[in-house]
Amino acid sequence: MAAPAHCFYHPDRSALAICVSCRKPICQSCSTLWEGMHHCTACLALRRATVGERGTAVRTVFMVLLTFALLALATVLRGWIGAILVEGF
Amino acid sequence: MKPGGVSVTAVLDEAAELVPRELASWAGLLALTSLPLRFLEAHFLNRLFQLGDNATDYVNYLLSLSWLVALALLPALWGRAVFARACALALSGRAAGRGAPLRALRPSFPSFAAYAYAATVAELLLVLFGWTVVALPLLALYAGLAAATTYLQERPGPLASLALPIRMLRPFFPFLGLTAIFSVALLLALINLFFLFALGLWLAGGASGLDLSWWQVTLTPGNQQYLMLLIACAVTVVEPFWIASLVAAVRRVRARESGEDLAAWFADILTRDREEAA
C-alpha cells in the first residue's frame, strides 16, 4: 500500500506514519509512538479527555474476572457435553 | 490497492509474503504457544472417543483433562495476540522498511483482556455448538478476527469487545472466501503431513537394523490418536497464515472506512503519471 506523501497537519513535510486512530498521514513531529502504534497529537488529546485511566482499569479487572468465569464454565461443559454426546451417538 | 474492495487474492498474497519473510520467528512463537493446546485438545478428544459408551462414568477424568486444556488456552491466546500485533506492526512499518519490533511481545493489558474475553466466548460457543460441524468455520472466523482486532480493542467491555470482530465483517463475502480457502488449505496441509510421515517411515525402512513394526502400526490413518495429532499439526501449520490474512483484511476494511485506500490509490496514480512523464 503506498502511503500518502505529506503530513496532514504540515503539508510541507513528508509523512512518516499513519495515525492508528484517525488514519491521517502524519510527520515525525506529529507522531507519538504509544504501545508500538503511531498516534497523532489530536487523537492522543482526545483519548486523554475521554478515557479515564481508573475507569479502564476497573473495566479491565471486571473483564478478567468475567473471562475466568466463562473459561471455568466452558471447561466444565466440555467434559460433560463431550461425555453425554459420545454416549448418545 | 484499488479503492472500495477487500480482495481475497490480494489479502492472501500479502499474508503469504509477510509470514515467511518478516514474521518467521513470530510464527515460531505462535506454534510454541499453541502446540500444547492443540495436543491436549487432541488427547481429550481421543480419550473421549475411546471411552465411548462409558464416558459419563469417567467424567471426573474428562474434567481433569478439560482443565488442562483450559490452562493451555491462556499461553495460546497470548501467542495469538502477540502474533497478530506483530503482523499489524510489520504491515504498518513496511513503508519505512521495518519489520515487526520486539515491543509486539507486550500487547497492552486492556487489549489483551478484551481479546481473551472474546476468545473465551468463542471457546464456550465451540463447546456448545462445535459438534454441529457447521458452526466450526464460523467460530474459527470469529476467533481469528478477535485475534486480528486485538490491537484495536481500546476500551474493553462485555459487549463492545464481542462486537468489534463482528463490525469488521461488513463486506462479509471476502471473509467467507478466506474461510473457505483456509478450510481447503487445512485439508491439504493434513494430506501433506500424512505423506511426509509416510515418506519418513519408508525412508527409515531402507536403513538396516531398524525395527519399524511398531511405527508401521502407529502411523496409519486407522489410528485415531495419530489422526488427531496430524489434525493438530495441520492447524498449527496453517494458523500463522490464517491470522496474518485476517490482520491484512481488517487493515483493508479500516482503510476503506477511513478513505485511506482512496488516498493511496490516488498517490499510486500520481506516481505512475510522474514516472510516465519522466
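This report covers confidence, nonpolar cores, two backbone outliers and a strand pair in a predicted model.

**Ground rules.** Residues are numbered from 1 along each chain as its sequence is written, and chains are lettered from A and ligands numbered from 1 in the order in which they are written. In this predicted model, local features need pLDDT of at least 70 and side-chain atom pairs count only at pLDDT 80 or more, while totals for chains, interfaces and linings use all residues.

**Confidence.** The model scores ipTM 0.81 and pTM 0.78. Chain B has a mean pLDDT of 86, with 90% of its residues at 70 or more. pLDDT is the predictor's confidence in each residue, from 0 to 100.

**Cores.** A nonpolar core is a set of buried Ala, Val, Leu, Ile, Met, Phe, Trp, Tyr and Cys residues joined through C-beta atoms within 7 Å. Buried means 20 or more other C-beta atoms within 10 Å of the residue's own; exposed means 12 or fewer; partly exposed is in between; C-beta atoms are placed from the backbone. The largest core has 80 residues. Those with the most contacts inside it include Ala84(B), Tyr115(B) and Val247(B). Helix H3 (residues 59-93) of chain B gives this core its largest share, 17 residues. Helices (H or I, at least four residues) and strands (E, at least two) are DSSP runs, numbered from the N terminus. Domain 1 (1-51) and domain 2 (52-88) of chain A both give residues to this core, so it lies between them. The domain bounds come from an automatic or database domain assignment.

Beyond four places in sequence, Tyr115(B) touches Leu77(B), Ala81(B), Ala146(B), Ala147(B), Thr150(B) and Gln153(B). Contact here means C-beta atoms, placed from the backbone, within 7 Å. Apart from the largest core lies another, of seven residues, among them Ala42(B) and Val235(B).

**Positive phi.** Most residues other than glycine have a negative phi. Two residues depart from this pattern.

| Residue | Phi | Loop | Other C-beta atoms within 10 Å |
|---|---|---|---|
| Arg23(A) | about 65° | S1 (17-18) to S2 (25-26), chain A | 19, partly exposed |
| Val133(B) | near 65° | H4 (109-129) to H5 (135-148), chain B | 8, exposed |

**Strand pair in chain A.** Strand S3 (residues 31-34) and S4(A) run antiparallel, paired over four bridges. Strands pair if DSSP finds at least two bridges between them. Trp34(A) stands opposite Met37(A) in S4(A). S4 (residues 37-40) is covered on both faces. Met37(A) and His39(A) are buried on one side, His38(A) and Cys40(A) on the other.

Methods:
Contact = placed C-beta atoms within 7 Å.
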